[in-house]
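Here are a few short exercises on charged side chains and where they sit. Have the sequence and the model open while you work through them.

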Amino acid sequence: MAMNGWQFGRYAEVIIKDFNKNVRTVVGNDFEIEFEFFKSVDDSKQNSTGAIRIKGLSEERCSRLSESGGEVTLKCGYMDNVVALFRAYIMRLTSEIIE
């Protein structure tokens with residue numbers, strides 16, 4: 001049973017901080033959120049990297065997000081144990097319209 005963004009007990013949330021406009025955008029579990037994340041043991045030899053895809057954002061909401069100069073946090077977990085999986089500076093932000 002899905003209820004208030006909870007799907008099968010799992011929850012994901014993306015928080016986007018735009019340093020240029022001083023705006024914080026929260027995208028909750030009501031959108032389809034896909035992510036990939038690689039955590040390096042030694043950042044001096046290989047950087048930790050990740051990508052987040054959010055499906056279903058309106059063109060208007062996408063246009064409010066800057067292409068750089070921000071930070072993104074991915075929080076996920078189960079029911080009452082939602083924690084930040086990773087936090088990173090935004091290197092590239094793109095939008096794609098699929099019809």
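A salt bridge here is a side-chain nitrogen of Lys or Arg within 4 Å of a carboxyl oxygen of Asp or Glu. The model is predicted, so local features need pLDDT of at least 70 and side-chain atom pairs count only at pLDDT 80 or more, while totals for chains, interfaces and linings use all residues. Residues are numbered from 1 along each chain as its sequence is written, and side-chain values use heavy atoms, with hydrogens and water left out.

**Exercise 1.** Find which strands the salt bridge of K55 and E34 links.

Solution. Start with the contact: the side chains of K55 and E34 meet at 3.0 Å, N to O. Next, place the partners: K55 is in strand β4 (residues 49-55) and E34 in strand β3 (residues 32-38), 21 residues apart. Strands are DSSP runs of E, at least two residues, numbered from the N terminus.

**Exercise 2.** Work out which residues join E71 in one salt-bridge network.

Solution. First, E71 pairs with K17 at 3.8 Å, N to O. This pair ties together strand β5 (residues 70-78) and strand β1 (residues 10-18), parts 54 residues apart in sequence. Second, R87 meets E71 at 4.0 Å, N to O. Shared partners thus put K17, E71 and R87 into one network.

**Exercise 3.** Sort these three residues as buried (under 20% relative accessible area), exposed (over 50%) or partly exposed (in between), using a 1.4 Å probe and protein chains only.

Solution. E71 is buried at 14%. K17 is partly exposed at 33%. R87 is exposed at 53%.

Technical notes:
Helices (H or I, at least four residues) and strands (E, at least two) are DSSP runs, numbered from the N terminus.
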